Amino acid sequence: MTGTHSALRLGLAGCHSCQLLLRVPARVRSSTLRCPRCGAVVHPRKPRSLSRTWALLLAAYVFYVPAMVLPITRITTLGRLQEDTIMSGVVYFFQSGEWPIGLVIFVASVFVPVLKLLILSLLAVSVQWRSQWRPRDRTRLYRITEMVGHWSMVDVYVVTLLVALVKAGALASIEVGPAAFYFASVVVLTILAANAFDPRLIWDALEEAA
Amino acid sequence: MNASLIACPDCDLLQHKPLVPPGGVARCRRCGAGLYRRVPGGVDRTLALALAGLVLFAVANLFPLLSVRLGEDLVSATLAAAVKALWDQGELALAGLVAGTCIVAPLLVLLSILYVFAPLHFGRLPPAVAPVVRSLHAFQAWNMMEVFLLGILVTVVKLAKMATILPGPGVVAFFMLIFLLAAAATAMDTEAVWARIGIR
Ligand SMILES: [Zn+2]
């Protein structure tokens, strides 16, 4: 009975927490299924996975705009105010010859969030269209988005350290810009979106077609 | 239910539990997801790492991570001071996020490991072990210390031209704790916990 079928097709579900295999009752929607071993609430598929993923992704797209456009730091040096966005920080590192650090910031703050948003959108669309295209690679893409997402927090941490170290100095003062909040929100929203997406839906479309 | 069967968490394929050598990882044969790991001696190793981790956590949080010398002024920043600096600027959500991902999450990881694996070392299970193990995975997911370390590196480069940067003792402990938590995560044998609970 094992080999090509999903557990759900055979009326079974694995507990996401302790991996115990449970029998799914016929009316699973009305009853909450609890794992008899670890007590976790077991969903054969994450509930409302696609609509939750889309909602979180849309919010992340919207927040990404102010995160890029607004300043992330406001530095006052000897009475002169300088506002920096995430991109101007990257450009500064490249121009001053510190291109390895510039590259790190660019990848973590610009490339990774955009990549993560696009991959999750692609996955959600492919599931919605019941696509049968390369399920193994799509599952792998999903695992990548789960892994890389939190590296985007690096800019938020840099701002945190700058604020702590340059505070109350006679030469300069530094303030957190509004982009820091929007940017941190994008990171958190994409992490939540990846959690909301259920990669098992990718494989359901294949089994329905078979 | 047949205990030799497992459903893949990523693709839901029902399959026989693959045999794995000690220290190996069982993978789903359809999508390649990691299913489980066999960790011989994992309980004691996890416990030892968490105990050492608690000491490092204290050092990392009590001592400055970085100091900046600007002329006569020397400003040192601990992790808590950095969070407080955000808070003082009215960035309450950011302060909460930084504290949550770099102080609270790693501390909860260490404490829940101790709570679960110290009794397990003596062949016992603590009360409410299941919810603690479940939360442990969530705490691990929100621990972002390694990203903070990259942030420290970027900050050093950024300030190096304007001021003298001195690493504090906290940063060494912080660095070591990251590796220690990663080692604890690989040694952690949650299967040993579930196997002991049995089905009520
Ligand atoms: Zn699989």
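**P18(B) and the interface of chains A and B**

P18(B) sits in the loop of chain B between β2 (14-16) and β3 (25-27). The model is predicted.

Visitor: Why is P18(B) called partly exposed?

Guide: Its relative accessibility is 24%. Buried means under 20% and exposed means over 50%, so P18(B) at 24% counts as partly exposed.

Visitor: Which residues is P18(B) in contact with, leaving aside neighbours within four places in sequence?

Guide: They are A26(B), R27(B), L35(B) and Y36(B). Contact here requires heavy atoms within 4.5 Å.

Visitor: How far apart in space are P18(B) and W87(B)?

Guide: C-alpha to C-alpha, 50 Å separate P18(B) and W87(B), with their positions 69 residues apart in sequence.

Visitor: What makes the pair R143(A) and D10(B) a salt bridge?

Guide: Their side chains meet at 2.7 Å, N to O. The cut-off is 4 Å between a side-chain nitrogen of Lys or Arg and a carboxyl oxygen of Asp or Glu, so the pair R143(A) and D10(B) qualifies. The rule finds 4 salt bridges across the interface of chain B and chain A.

Visitor: Which helix gives the most to the side of chain B that touches chain A?

Guide: Helix α5 (residues 145-159) of chain B, with 11 residues. By class, that side of chain B has 40 nonpolar, 8 polar and 11 charged residues.

Visitor: How many residues does the contact take from each chain, and what area is buried?

Guide: Chain B gives 59 residues and chain A gives 62 residues. The buried area between the two chains is about 5,800 Å², and carbon and sulfur atoms give 69% of that area.

Notes: Residues numbered from 1 in each chain as written. Chains lettered and ligands numbered in written order. Predicted model: local features only at pLDDT ≥ 70, side-chain atom pairs only at ≥ 80, totals over all residues. Heavy atoms only, no water. Helix = DSSP H or I, 4+ residues; strand = E, 2+ residues; numbered from the N terminus. Buried < 20%, exposed > 50% of the residue type's maximum accessible area, 1.4 Å probe, protein only. Buried area = accessible area lost by both parts, 1.4 Å probe. Nonpolar A, V, L, I, M, F, W, Y, C, P; charged D, E, K, R; others polar.
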